[in-house]
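Let's take a walk through this structure together, one step at a time. Have the sequence and the 3D view open side by side as you read.

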Amino acid sequence: MSERIDVSIEHRHAPPEDGARPHPNTCPGCGSHYRDDELDAALRVCPQCGHHFPVHARERIRQLADEDSFSEEASELRSDDPLGFFDLRPYTERLAEAELTTGLGEAMVIGRAAVDDLPCELAVMEFGFMGGSMGRIVGEKFARACESAAERGVPLVSVTASGGARMQEGILSLMAHPTTAGVLASFASLGDVILAEPGALLSFTGPRVVQQTTREKLPDDFGRAESNYRYGHVDEIVPRPELRATVARLLRLFSNAAA
Amino acid sequence: MPPREAELRLRGQLSRLRSLPLLRGARLEGELERLQRQLEKIVAEPSDEEIWRSVELARNADRPYTLDYVERLFDDWFELHGDRAHGDDAALVVGLGRFRGRTIVLLGNQKGRDVKERTRRNFGMAYPEGYGKAMRAMELADRHGFPVISLVDIPGAYPGVTAEQHGQGGAIARSQSLMARVRVPTVACIIGEGGSGGAIATALADRVLMQENAIYTVISPEGCAAILWRDAGEAKKAAAAFKPDAMHCLELGVIDAVVPEPEGGAHSDPDEAARLLGDALGESLELFDGISGDELRRQRRVRFRTIGQLSTTA
């Protein structure tokens, strides 16, 4: 049997040994700490080092869409519990807790919106809702977003922050980043244009599983937006402050089709 | 196309221009002069020296490249990166932009200006990844009904080991095949070197233009000389023999029109070169307004089927 190599992941910013979690407003990139209002004012991008903190779905919509242009659709949909699923706690309890902490009925928010006066459909995932996991209702909502966009002939802009979202024709996709280490961001990428925020993790298989399965030493930027760009999977890496303008530019180009 | 026909067409263009009310003002005068010059050139067969001058001008290090035209001709340019499979080939750029009021998809070969950029862009020689990216862009254009503009300037597809391992030949073939199938108008212009299969991969268009001093070849003059004369130094003779210049390509029916360049070549006045190229591209696209996708495909097939047709079947 061949010698086995050490497969432990090296965390540059490992969580403290005692298990205490770093404060969510402490930058994992440079250690700077911010008040909520400071971070919000900077679009939740670290003013010191440019680290992109995660953005909740509602906040993301506020950042992207024109003021008061967002009209939510299918907000009434809730997951049920067809299997009577029970792990450490009942599934229904987890759902209720997620709804309580995020204020959302599911891990995806969809609705009509305008960006720079250009109409579009938004489908934004919420990583805070059970890790942005895609269940029946997320699938249903995404399908409804596609249909709503197709019916009105407007582009679909989806912001994903987790795995499994299957992108369809005629959409712009935007990859945001689930920051929690070890979470796999998988993304079936059929968007006409794929943008990613700096440092976003997009890989079919997460680094830990890849390393443990293949026993290869992984490059530092494995699965990051930057490496995906190099390997031809992402059209452009767009820092959050430029995102709205970039999306608007693309919407303008795509809306011109019939002209 | 026999020379006579090309001449007739130019004469036709000239008389049309003359009869136009002076909408475009002084610019039209320049246009007339240029057409007149072209006509004189067609009537007078280009000499071997003139052909070689084209080769040199086509390769001039200061000649405008794709991105030089992009910044002058397109608004809202958004470059797309990557073939969504293996890599992003910097030798072939693709993107979305607005050209004269409509969204288009652009494909273009791109060389570098300094040593660093030349290396990064592999001297403009595309890998299969580049053709993969071009195909993705053409599919996007097809899906959304955007016309495709292709600016061709490639010494040849990259002839390296990795390129072979990644399937260079197949990539070029599939790119041509896709370009023959798309249901949107396509216009290609050779703006420098049109090097063989690597060029045709993105030049199988409804309308193929060529700048006055560009060349369109089956092989580089040096390569041809090395094979046939067994001496790459005989490139001048080779070029004179296979006549890669715009006027000869027009006569042969390989291209549809010649785009004039400013006096001295495109590099002497890139702004003017871009204006002339823009006008030619714009006029070409207008030709296909209102034609259905299926009809475009049919006409495209006829166009390429009849190039170099045997006289017995013509």
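A good place to begin is a single pair of residues: B:F78 has B:L96, in β2(B), as its bridge partner. Please keep in mind throughout that this is a predicted model. The pair belongs to a longer match, for β1(B) and β2(B) run antiparallel and are joined by four bridges. On the other side of the bookkeeping, β2(B) pairs with β3(B), again in the antiparallel sense, over eight bridges. You can find one of these contacts at B:G95, whose bridge partner in β3(B) is B:L106. Where the chain turns from β2(B) to β3(B), the hairpin has two residues between the strands, and B:R100 adopts a positive phi near 50 degrees there. How much of β2(B) is buried? Seven of its eight residues are, which leaves the strand mostly covered.

From β3(B) we can step on to β4(B). These two strands run parallel and share four bridges, and within β4(B) it is B:V148 that partners B:V105. Carry on and you reach β5(B), spanning residues 186-195, which pairs with β4(B) in the parallel sense over six bridges. Here B:L151 has B:C189 of β5(B) as its bridge partner.

It is worth pausing on β4(B), residues 148-154. All seven of its seven residues are buried, so the strand is largely enclosed by the rest of the structure. Looking at the side chains in turn, B:V148, B:S150, B:V152 and B:I154 point one way, while B:I149, B:L151 and B:D153 point the other way, and every one of them is buried.

Two residues from these strand pairings come back when we turn to the interior. The largest nonpolar core holds 127 residues, and B:V105, B:C189, B:L209 and B:M210 are those with the most contacts inside it. The element that gives the most to this core is α6(B), with seven residues. To get a feel for the surroundings of B:L209, set aside residues up to four places away in sequence: what remains in touch with B:L209 is B:V187, B:A188, B:C189, B:I255, B:D256, B:A257, B:V259, B:A280 and B:S284.

Zooming out for a moment, chain B contains 14 helices and eight strands. Of its 314 residues, 47% are buried. Among its contacts between residues at least 6 apart in sequence, 70% join residues at least 24 apart.

Now for the helices, and two packings that are nice to view side by side. In the first, α10(B), residues 221-229, and α11(B), residues 235-242, pack with their axes 8 Å apart and at an angle of about 100 degrees. That angle makes α10(B) roughly perpendicular to α11(B). The residues that make the contact are B:P221, B:E222, B:C224, B:A225, B:L228 and B:W229 from α10(B), together with B:A235, B:K237, B:A238, B:A239 and B:F242 from α11(B). By class, this contact has nine nonpolar and two charged residues, and no polar ones.

In the second, α4(B), residues 66-73, packs with α13(B), residues 270-287, at an angle of about 75 degrees, and the axes are 10 Å apart. These helices are therefore roughly perpendicular to each other as well. On the α4(B) side you will see B:D68, B:Y69, B:R72 and B:L73, which meet B:P270, B:D271, B:A274, B:L277 and B:G278 of α13(B). The residues of this contact divide into five nonpolar, one polar and three charged.

Finally, let's look at how the chains meet. In all, 22 residues of chain B are in contact with 20 residues of chain A. Which elements of chain B give two or more residues to that side? They are β1, β2, β3 and α6 of chain B, with α6(B) providing the largest share, four residues. By class, the side of chain B that touches chain A has six nonpolar, eight polar and eight charged residues.

Over in chain A, a closing stop is A:M108, found in strand β2 (residues 108-115) of that chain. Is A:M108 buried or exposed? It has 31 C-beta neighbours inside 10 Å, so A:M108 counts as buried. Leaving out neighbours within four places in sequence, A:M108 is in contact with A:A123, A:V124, A:M125, A:E126, A:V138, A:K141 and A:F142.

How values were computed:
Residues are numbered from 1 along each chain as its sequence is written. Chains are lettered from A and ligands numbered from 1 in the order in which they are written. This is a predicted model: local features need pLDDT of at least 70, side-chain atom pairs count only at pLDDT 80 or more; totals for chains, interfaces and linings use all residues. Two residues are in contact if their C-beta atoms, placed from the backbone, lie within 7 Å. Ala, Val, Leu, Ile, Met, Phe, Trp, Tyr, Cys and Pro count as nonpolar, Asp, Glu, Lys and Arg as charged, and the others, Gly among them, as polar. A residue is buried if 20 or more other C-beta atoms lie within 10 Å of its own, exposed if 12 or fewer, and partly exposed in between; C-beta atoms are placed from the backbone. Two strands pair if DSSP finds at least two bridges between them. Axes are lines fitted to C-alpha atoms, for helices over the stretch in contact, and angles run from 0 to 180 degrees between N-to-C directions. Angles under 35 degrees count as roughly parallel, over 145 as roughly antiparallel, 65 to 115 as roughly perpendicular and the rest as oblique. A nonpolar core is a set of buried Ala, Val, Leu, Ile, Met, Phe, Trp, Tyr and Cys residues joined through C-beta atoms within 7 Å.
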